[in-house]
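Grab a pencil and work through these exercises with the structure open beside you. Try each task before you read its solution.

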Amino acid sequence: MGFIIRSLINGPKQTRTLIVRRGYSTGSSDITASAMVYSNYGQPSEVLRWHSYRLPALTANSVYVKFLASPINPADVNMIQGAYPIKPKFQKLGDSEVAVGGNEGVAKVIAVGSGVDSLKVGDEVVMATTGLGTWRTHAAGPVEDFQLLPKAKNVSMIQKATITVNPCTAYRMLKDFTDLKSGDYVIQNGGNSAVGQAVIQIAKAWGVKTINVVRNRPEIEKLSNELTDLGATHVVTDDVLGSHDMRKQIKEWVGNKPPLLGFNCVSGKSATDMSRYLGANGHLITYGAMSKSPLPLPASLLIFKNITFHGFWMSKWAEIHSPQERYTMLEDIIDLMSKGKLKEPKWNEVQWNESTMKKAVDQGIQGFGTGKQIVLFKGH
């Protein structure tokens, strides 16, 4: 007994019908994919390798996608090193049992099985879960592996490729912990991080003001101006955050409405100093620890101000929420992007070849002024 496969051939407007035997999943297609893979954990330059393989035969509930762009994120490097809490999915690709690098990216559906009705050829998708791998030209998998992206105008491929980590983290932290109203303040360290920049822009779109703490540096005025251009209300440096003068200054800014929401990606002294600015019953959300220092919590904040301390991890949120909940969030973020309220991040192109990818992944994350590293799968 056979089933129908709807497949994209030679462009989006031309299709053909193929008959494939049900259950014949050990065969392969005529599509050859290339990917950056690894068989063991370790330093990326030592364990990553180029791998070409044919996609497996399409089944009734599976789809083929072609990747368009994929970034290199810090968590990708941690995953390759074996240091990330979520372990990658090792899978048989061709004649090798490997994991594919990368967790974020945008792809286009190029074929669907006969039992698939939630996706169609031409749809753009992101990965529904972490660990499946995005540093590859093509992928095949069950429809549940892919999350449909809302259609939108005026949203770049780079914005779509980088939507699921930083913008979603910023969106959820702003939305899930307290009922923010126009005119309220939030305070965050790592204000120049990718999440920090998304917080600034989303908050401004919602009428929320931001106090953004950054590390002092020689070109602090330039950085401050760039963040202000994004929509930051105030930018301060961490070396003066705990000073008497800064406490007086922030009091003047916020008046009798201190921030009830703070975001911490640095930890250490920066987070402790920042948490003292939260008002009674406020919330400090920790989503990173770039200083690699512990997070000291003054007992007075718990006893006298009833501050609540939370952790947030976008991968866990995505794991326990439905595809429709994820889609609703993506709709909101895409809408902000299409209206120019959430801008494309600074980025640099990484060429799609083995040596360049290894070098780029070894570099990991780059600074605010340099931008995110993104591979474009042009002509593949």
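**Exercise 1: An odd backbone angle**

N154 is exposed, with a relative accessible area of 65%. Keep in mind that you're looking at a predicted model. Your task: find where N154 sits and work out what is unusual about its phi.

*Solution.* Start with the location: N154 belongs to the loop between β11 (146-148) and α3. Next, check the backbone: phi of N154 is near 65 degrees, a positive value in a residue other than glycine. Now recall the general rule: most residues other than glycine have a negative phi. Want a second case? K292 has a phi near 60 degrees, again positive in a residue other than glycine. K292 lies in the loop between β16 (283-286) and α9, and K292 is exposed too, with a relative accessible area of 78%.

**Exercise 2: The two sides of a helix**

Take helix α6 (residues 220-230) and sort out which residues are buried and which exposed ones are on the face turned away from them.

*Solution.* First, pick out the buried ones: L223, S224, L227 and L230. Then look down the axis of α6: these buried residues fall within an arc of 120 degrees, so they line one face of the helix. Turn to the face pointing away from the buried side, and you'll meet the exposed residues E221, K222 and D229. What do the buried residues of α6 pack against? Their partners are α5, β13 (209-214) and β14 (234-237). Finally, step just past the end of α6, where G231 takes a positive phi of about 130 degrees.

**Exercise 3: Inside the core**

Describe the largest nonpolar core: how many residues does it have, and which have the most contacts inside it?

*Solution.* The count is 39 residues, and I163, L174 and I333 have the most contacts within this core. Several elements give it two or more residues, including β5 (62-72), α4 (166-176) and α11 (323-338). The largest share, 6 residues, comes from α11. Now zoom in on L174: leaving aside residues up to four places away in sequence, L174 touches L180, V186, V199, I202, A203, W206, L261 and F263. Apart from this core lies another, of 33 residues, among them V65, V109, W352 and A360.

**Exercise 4: Nonpolar on the outside**

Which residues form a nonpolar patch on the surface?

*Solution.* The patch consists of L297, L302, I303 and F304, with about 450 Å² of accessible area together. Look at F304: its place is in the loop between α9 (299-303) and β17 (308-311). With a relative accessible area of 68%, F304 is over the 50% cut-off, so it counts as exposed.

Key:
Residues are numbered from 1 along each chain as its sequence is written. This is a predicted model: local features need pLDDT of at least 70, side-chain atom pairs count only at pLDDT 80 or more; totals for chains, interfaces and linings use all residues. Side-chain values use heavy atoms; hydrogens and water are left out. A nonpolar core is a set of buried Ala, Val, Leu, Ile, Met, Phe, Trp, Tyr and Cys residues joined through side-chain atoms within 4.5 Å. Buried means under 20% relative accessible area, exposed over 50%, partly exposed in between (1.4 Å probe, protein chains only). Helices (H or I, at least four residues) and strands (E, at least two) are DSSP runs, numbered from the N terminus. Contact means heavy atoms within 4.5 Å. The arc is that of the directions from the helix axis to the C-beta atoms. Patches are made of residues with over 30% relative accessible area and no salt bridge: like charges are joined within 9 Å, nonpolar side chains (Val, Leu, Ile, Met, Phe, Trp, Tyr) within 5 Å. Accessible areas come from the Shrake-Rupley method with a 1.4 Å probe; for residues, only the protein chains shown count as cover. A salt bridge is a side-chain nitrogen of Lys or Arg within 4 Å of a carboxyl oxygen of Asp or Glu.
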